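Dear colleague,

Here is the structure we discussed, with the sequence alongside. My notes on it follow below.

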Amino acid sequence: MDEFLNTCKVSGDAAYAALRSVLDKLEDPKTRTDTRIFLSELQKRFPTKEDCDSCFETYHFRIEDVLLDQNEGHKGRKKLTTMVIPSIFLPEDWSFTFFEGINRHPDSIFKDRTVAELGCGNGWISIAIADKWLPSKVYGLDINPRAIKISWINLYLNALDDKGQLIYDEEKKTLLDRVEFYESDLLSYCRENHIQLDRIVGCIPQILNPNPDAMSKMITENASEEFLHALSNYCALQGFVEDQFGLGLIARAVEEGISVIKAAGIMIFNMGGRPGQAVCKRLFERRGFCITKLWQTKILQAGDTDIAALVEIEKNSPHRFEFFMGLSGDQPICARTAWAYGKAGGRISHALSVYSCQLRNPTQIKVIFEFLKNGFQEISSSLDLSFEDDSVADEKIPFLAYLASTLKNSSYFPYEPPAGSKRFRNLIAGFLKTYHHIPLSANNVVIFPSRAAAIENALHLFSPRLAIVDEHLTRHLPRKWLTSLALKGTETIEPLDDAITVIEAPRQSDLLIELIKKLKPQVVVTGIAHFEAVTSSAFVHLLDTTQEIGSRLFLDISDHFELSSLPGSNGVLKYLSGTPLPSHAAIICGLVKNKVYPDLETAFVVTEEESLFSALSKTVELLEGNTSLINQYYYGCIFHELLAFQLSGRHAPAERKSHNAKSVDMIGYSAAASSVLDNAELSINGVESDSVIHMDVDQTFLPVPSPVKGALFESFARQNMSESEADVNTSIKNYVKSNYGFPTKSGTEFIYADNSKALFNKLVLCCIKEAGTLCFPAGSNGNYVSSARFLKADTVIVPTDANVGFKFTEKALTKVFGTVKNPWVYISGPTVNPTGLVYSNNEIGEILSTCAKFGARVIIDTSSSGLEFDSNGWDLEQCLSKLKSSCNPSFCVSLLGGLSLPMLNSVLKFGFLILNEPHLVDTFHSFPGLIRPHSTARYAIKKLLELRAQKPSSLSDAIVEYTAILKNRSKSLKEALEQNGWEVLESCAGVSVVAKPSGYLNKTVTLKILPQGEGGQDNATMKITLDDSNIRNALLKSTGLCINSGSWTGIPGYCRFNIALEESDFSKALDCIKKFKEIALH
């Protein structure tokens, strides 16, 4: 023994080496007993506290007993024998208070559980837990390698008695069966070894002034004692917002714990109260934990701890830390006062609490943090999963989990049809089937951005000369419809095909029916009064009356539709469970009754008439673009949560009887609508979209960059977002200034929508109101041209020439302006959709100069721009300033844009419109009903625009990378097309390429048709004479590749290809082009 002590006396490192040798002997069963007896004799050499203190100073270790409980009824041993060395923490007030807090849990808390202790030090708490509560396994973890070796020694000290014999518990197990110690940076050992834990406990230090360089050295057990002791303090910044309060390490421990804690698991942590109780609680609550304070006491602030860093934080922020004067003080004082009191010789203390924490929605929160740890760590600072209302938590957390899972597992957002996401429509149909016993399918449901949009689209579709609309539903309709007086008396209506007159009506059914009978409207849009909604009698009366006089009925049930697992009685839905919806009627339902975002809206229309489903779907495509996918995801999660626990197929749908009513002629679609629906090239129907390669849509399917995913998730993870955080005006102003040199002034109007298509259509209505003629170049986005015609605008297609890339020229415009009044000119630029060519600064200057001469109103659409391969951009300010003095007074330029392509995604489409002409601003606002982007979308876009403006940045780097990909794709597609019978116009920007099928025109071919869906015939064929309009259908039917034909591009003979496909789909598209040549030309 003297030899051992003499070795230890040399230095702390020598003492540690001697103790390593002791551990080796304890681990060897042959020498274990003698070694334990040796340690017993060693302890007897230092029987008193003074002796132990002297041993620590002289021999660099101490061995003494820790008293656990001297009260009657205590289960387990009364004391533990433990050893410590200078390079690890001594058991003190922090750890004793922590163990007291753990003791307040019931005995079942650890029984048969798998437990991990973080920062175990010399291991005494891990051993105490194992001894008292008999867990299945306790893992003691510490980053300090010497702490782990000493913990193993302490385990043997307590697993063996003084004679070296194993001590067995009531289950015939020893501490060696229950406890293991491992070197681990927090929970890295458990994560790397896939150990799932029932309990995580941690008495983790709080660092008042973190040292960023503290962890830069290699961690080895041969490092200096000072370094290893500091290491136990985890002095480094952890990269969390809580670092500023010294809580960064605990924040990291909590987030790491989420990945390894079981669903019903509990975490227990010691929390020093210096940052304030609210800050300590929020650390857990904002990460989705429900917390219980097990125990709280006060401890004296260590005399060697400098709190000057906290004084500095208080100086630069409104936060106040919490200290107390002595142990008996009960009024908190701030760090500055505590610092002054301490310097004057006073003793200061702070609260020390033990918190027990359990995840609120464990499975879903695990998904959220799994997403965050994959490159989105900084977003965790914005994450807020604390909710006072459980119903809010039960709605928002599942959505965040779904969004996190989607962003993590999907590289891009898939194509969704204009009718809405198939998944979302199935969920709505499933909800109606499960809760209201209405046997509907996704093909009975059309999704709209809002109830107002659904109503306005329906009225545009039918263009009734007279419509009766519920007075509660007219707020978003065009003023013109509400102020026109197309009635002569009450018996006749002026036969103006383009005039819609709306009469407001009361909601009460008897008054409404009286009005319907007298006025005989062609369309009725109404809700149901609350007192009439419980039964179906009022609805039946409305159905019968409107059918009798030949009116279309759109019934709004928004106010009575409950997103609940216990929905109240609804007379309309009760009727539909037993009777099909008549062909003249449809149901409208606006979804706004969520718990979190009262302004986040989407809507659906239910119809059982196939032709109306198709027509309404096309109105979404033409007038709205598409309904926000994120909004559909949000409400889809609510429906999913209401359906997820149900057993499918348990309730057979009720038998439905047909609605008996005599057939009466009803209003059909307007002439303009019918023409567009019959002739325009819109999205394909009746084809399984999963089997189609879409080169026909203005959408990017390239992988969504990480910054975009991060901004999107963060926008929903935030709570209490201020208006300024979602104010995009300055960012948009800077964006258009830097990219296009577009001038703005104090009176400039900035208008935003979910996408640019909705804004364009409002401009079309302005053009109609001013009796203007909308001039498109031959070579335009076919969807925009069709939309203008659907809205009954006067349109002119300006001839263009292949020699100038099918762009506008001064000569062509001058010729057209001589034949039309009030010209409105639509220009896609700088990048032209569909050709992928670019207007130079000089070219746009010449065009604007011509327009200014004739007083044309100009719409410059930048939605397809932002990904030019080689371009210097525009300087519109210089150009327009030259025209200011000489232009016709009616001349003005409006800038229209969308941020889907510039932000490299298809979900944050975000449209903007910038108007500088006051009269046009007033005209625009006379057409309400525009769906404004939600605050979450504005927040994300603002963040991305700021990131885009930084160079370099992760987003600007991604834009450079994507532009290079598109440039290479353009070349690859050009080569493939030219090798297979196509004549290509080389693009120099964006996602579009146009080509002429020269080798196929006027050839009669027999094509084998790919089987479509279940039951499709494998040997079906079609004989067709190919031209530039039917080649789309031929290519789709024979290969599964969908493109836009010449009827869409407006350029005779030229088809459009979207090259922004997912990598494998682009390769398949090239194969399809080759395959089509083999089929058609051989």
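The structure, which is a predicted model, holds 39 salt bridges. Side chains of opposite charge can pair when their charged atoms come close. Three of the pairs are worth opening in the viewer, along with one network.

Start with R45 and D2. The closest N and O atoms of this salt bridge are 3.4 Å apart. R45 sits in the loop between α3 (32–44) and α4 (49–59), while D2 belongs to helix α1 (residues 2–10), so the two partners, 43 residues apart, link distant parts of the chain. Both ends of this pair have intermediate exposure: R45 is partly exposed at a relative accessible area of 40%, and D2 is partly exposed at 48%.

The second pair is R146 with D13, where N and O lie 2.9 Å from each other. R146 is in helix α7 (residues 145–159) and D13 is in helix α2 (residues 12–27), so this salt bridge ties together parts that are 133 residues apart in sequence. The two ends sit in different classes of exposure. R146 has 2% relative accessibility and therefore counts as buried, the cut-off being under 20%. D13, with a relative accessible area of 41%, is partly exposed.

The third pair joins E256 and R191, at 3.6 Å from N to O. It links helix α11 (residues 248–260), which holds E256, to helix α9 (residues 188–192), which holds R191; the partners are 65 residues apart. Here the acidic residue E256 is buried, with a relative accessible area of 11%, and R191 is partly exposed at 34%.

As for the network, salt bridges link K111, D112, D169, E171 and R178.

Next, the nonpolar interior. The largest nonpolar core has 206 residues, and the members that touch the most others are F284, F561, F713 and I732. Helix α24 (residues 629–644) supplies the largest share of this core, 10 residues. To see what surrounds one of these members, take F561. Leaving aside neighbours within four places in sequence, F561 is in contact with F431, L432, N570, L573, C589, L591, K593, F604 and F639. Another core, of 65 residues, lies apart from the largest one; F448, V469, L622 and A758 are among its members.

Some backbone details also deserve a look. Most residues other than glycine have a negative phi, and most peptide bonds are trans. The following four places depart from that.

- G829 and P830 are joined by a cis peptide bond, with omega about 0 degrees. P830 is in the loop between β24 (823–828) and α31 (841–854).
- K951 and P952 are also joined by a cis peptide bond, again with omega about 0 degrees. P952 is in the loop between α34 (935–949) and α35 (954–979).
- N720 is a residue other than glycine with a positive phi, near 55 degrees. The loop between α26 (706–717) and α27 (729–740) contains N720, which counts as exposed at 74% relative accessibility.
- N822 has a positive phi too, near 45 degrees. N822 lies in the loop between α30 (810–817) and β24 and is partly exposed, with a relative accessible area of 42%.

Finally, the overall layout. The protein chain has 38 helices and 33 strands. Of its 1082 residues, 58% count as buried. The C-alpha atoms fill a box of roughly 115 × 70 × 65 Å along the principal axes. The accessible surface comes to about 43,800 Å², and 48% of this belongs to carbon and sulfur atoms.

The chain is divided into four parts, which may help when you colour the model: domain 1 (1–272), domain 2 (422–484 + 498–649 + 667–679), domain 3 (693–701 + 964–1081) and domain 4 (730–949). The C-alpha centres of domain 1 and domain 4 are 69 Å apart. Among contacts between residues at least 6 apart in sequence, 76% join residues at least 24 apart.

Regards

Technical notes:
Residues are numbered from 1 along each chain as its sequence is written. This is a predicted model: local features need pLDDT of at least 70, side-chain atom pairs count only at pLDDT 80 or more; totals for chains, interfaces and linings use all residues. Side-chain values use heavy atoms; hydrogens and water are left out. Helices (H or I, at least four residues) and strands (E, at least two) are DSSP runs, numbered from the N terminus. Buried means under 20% relative accessible area, exposed over 50%, partly exposed in between (1.4 Å probe, protein chains only). A nonpolar core is a set of buried Ala, Val, Leu, Ile, Met, Phe, Trp, Tyr and Cys residues joined through side-chain atoms within 4.5 Å. Contact means heavy atoms within 4.5 Å. Domain bounds come from an automatic or database domain assignment. A salt bridge is a side-chain nitrogen of Lys or Arg within 4 Å of a carboxyl oxygen of Asp or Glu. Accessible areas come from the Shrake-Rupley method with a 1.4 Å probe; for residues, only the protein chains shown count as cover.
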